[in-house]
Amino acid sequence: MSRTGGKSDLPKKEKNGQSSNKMKSNALKASGALLDVSNIETLYGKITALKGVSISVKEGDIVTILGANGAGKTTVLKTIIGLLDDQPEKGKIVFKGKNIERKKADHVVSLGISYVPEGREVFPELTVKENLKMGSYIRSDKEEIAKDYDRVIRYFPILEERAKQLAGTLSGGEQQMLAIARGLMSRPKLLMLDEPSLGLAPILVKEIFNIIKTINDEGTTILLVEQNANMALKIADFGYVLETGRIVLSDTTENLMENDDVKEFYLGVAKEESVKGYKRYKRKKRWR
Ligand code: ATP
């Protein structure tokens, strides 16, 4: 199966798995990981949600974390950004060479990580423009903020049309666009997106993924948590599969798309057909 197979008109990857834009920007980049998460354990009270998770995100890449409900995907992102008090209990998180584990979210954002939570958390009583301003609250460089405003409007022109509208009255898709745009207003090196496709119509999902790919091609590294494995694997460079707080698989997206377990669990590739001709999805008990 080709990584860009099917009917999707997402930006195509070239033979070596990279778009030409990406290859150009990769050539300028230093090697090495932008983010290194080593063996983190995160607890909610007495419950251990992450049981020694390690992930690495190279500068310029899109890295995706796949996993079923409750696997711990959101917990990974919240632990990195510093939203869980006194967590991780164990392990290290290094961003741009600096240890950031157990640092407060404000500090982590100021270092260059932005987090767009699941569920389009916009400020409903503020206008679109005010929401975008909130995204740049840690900055004082007015001219550069104006440039970033223009940049996010280029990605999401609808937000300019709705600039004075209260965010709470936007459609679900528009709120998701606003949430991503607000995340970009801090000009992050690393943008972490939690389920950006959740609850959106297929056409809008495709649009959002196209924009995520463009944002990446223009230089922002992305850590993407998704249940829509089909779309995530098409745009990502590398992926991790998380299951009940542990990484059970990690590989390039090309290899993950060929992996039988990934096909069966996440890509909905049918294994059997019933006598009535219905596709049946065989459930495996454990990972190989
Ligand atoms: P989903 O795809 O459904 O969003 P997820 O992979 O993001 O799931 P998490 O939200 O990270 O999973 O949850 C991991 C585990 O931690 C789950 O068992 C969940 O019930 C538990 N958990 C999450 N938040 C809390 C909390 N605030 N208190 C206690 N347990 C929690």
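# A guided tour from the whole fold to the ligand shell

Before selecting anything, look at the whole chain: among the contacts in the protein with a separation of 6 or more, 65% are between residues 24 or more positions apart. The model is a predicted one, and its secondary structure comes to 11 helices and 12 strands, with buried residues making up 40% of the 288 residues.

**Stop one: helix α7.** Select residues 172-184, which form helix α7. At 1.5 Å a residue its 13 residues should span 18 Å, and the C-alpha atoms at its ends are 19 Å apart, which agrees. Because 11 of the 13 residues of α7 are buried, the helix is largely enclosed by the rest of the structure; the buried set runs through E174, Q175, Q176, M177, L178, A179, I180, A181, R182, G183 and L184. To see what surrounds these residues, add β6 (113-116), α4 (128-135), α5 (142-155), α6 (158-161), β7 (190-194) and α8 (202-217), against which the buried residues of α7 pack.

**Stop two: the largest nonpolar core.** Keep α7 displayed and colour L178, A181, M192 and L193, the residues that touch the most other members of the largest nonpolar core, which has 70 residues. The element that gives the most to this core is α7, with six residues. Now centre the view on L193: once its neighbours within four places in sequence are left aside, L193 is in contact with V116, I180, I212, I222, L224 and V225.

**Stop three: strand β3 and its two partners.** From V225, move across to I65, which stands opposite V225 in β8. The strand to select here is β3 (residues 62-66), joined to β8 (residues 221-226) by five bridges, the two strands running parallel. Five of the five residues of β3 are buried, so this strand is largely enclosed by the rest of the structure. In a regular strand, side chains alternate between the two faces of the sheet. In β3, I62, T64 and L66 point one way while V63 and I65 point the other way, and all are buried.

Next select β9 (residues 238-243), a mostly covered strand in which five of the six residues are buried. Strands β3 and β9 are joined by four bridges and run parallel, and the bridge partner of T64 in β9 is G239.

**Stop four: the hairpin of β9 and β10.** Extend the selection to β10 (residues 246-252), which six bridges join to β9 in an antiparallel arrangement. Here Y240 stands opposite S250 in β10. Between the two strands of this hairpin there are two residues, and T244 takes a positive phi near 35°.

**Stop five: the ligand and helix α2.** Which residues come nearest to the ligand? Of the 13 residues around the ligand, those are Y44, N69, K73, T74 and T75. By class, the shell around the ligand holds four nonpolar, seven polar and two charged residues. Both β2 (47-58) and α2 (73-81) supply at least two residues of this shell, and the largest share, three residues, comes from α2.

End by selecting α2 itself, where eight of the nine residues are buried, so that the helix is largely enclosed by the rest of the structure. The buried residues of α2 are K73, T75, V76, L77, K78, T79, I80 and I81. Step one residue past the helix to finish: α2 is followed by G82, whose phi is positive, near 90°.

Key. Residues are numbered from 1 along each chain as its sequence is written. This is a predicted model: local features need pLDDT of at least 70, side-chain atom pairs count only at pLDDT 80 or more; totals for chains, interfaces and linings use all residues. A residue is buried if 20 or more other C-beta atoms lie within 10 Å of its own, exposed if 12 or fewer, and partly exposed in between; C-beta atoms are placed from the backbone. Two residues are in contact if their C-beta atoms, placed from the backbone, lie within 7 Å. A residue is near a molecule or strand if its C-beta atom, placed from the backbone, lies within 6 Å of it. Ala, Val, Leu, Ile, Met, Phe, Trp, Tyr, Cys and Pro count as nonpolar, Asp, Glu, Lys and Arg as charged, and the others, Gly among them, as polar. The expected span of a helix is 1.5 Å times one less than its number of residues. A nonpolar core is a set of buried Ala, Val, Leu, Ile, Met, Phe, Trp, Tyr and Cys residues joined through C-beta atoms within 7 Å. Two strands pair if DSSP finds at least two bridges between them.
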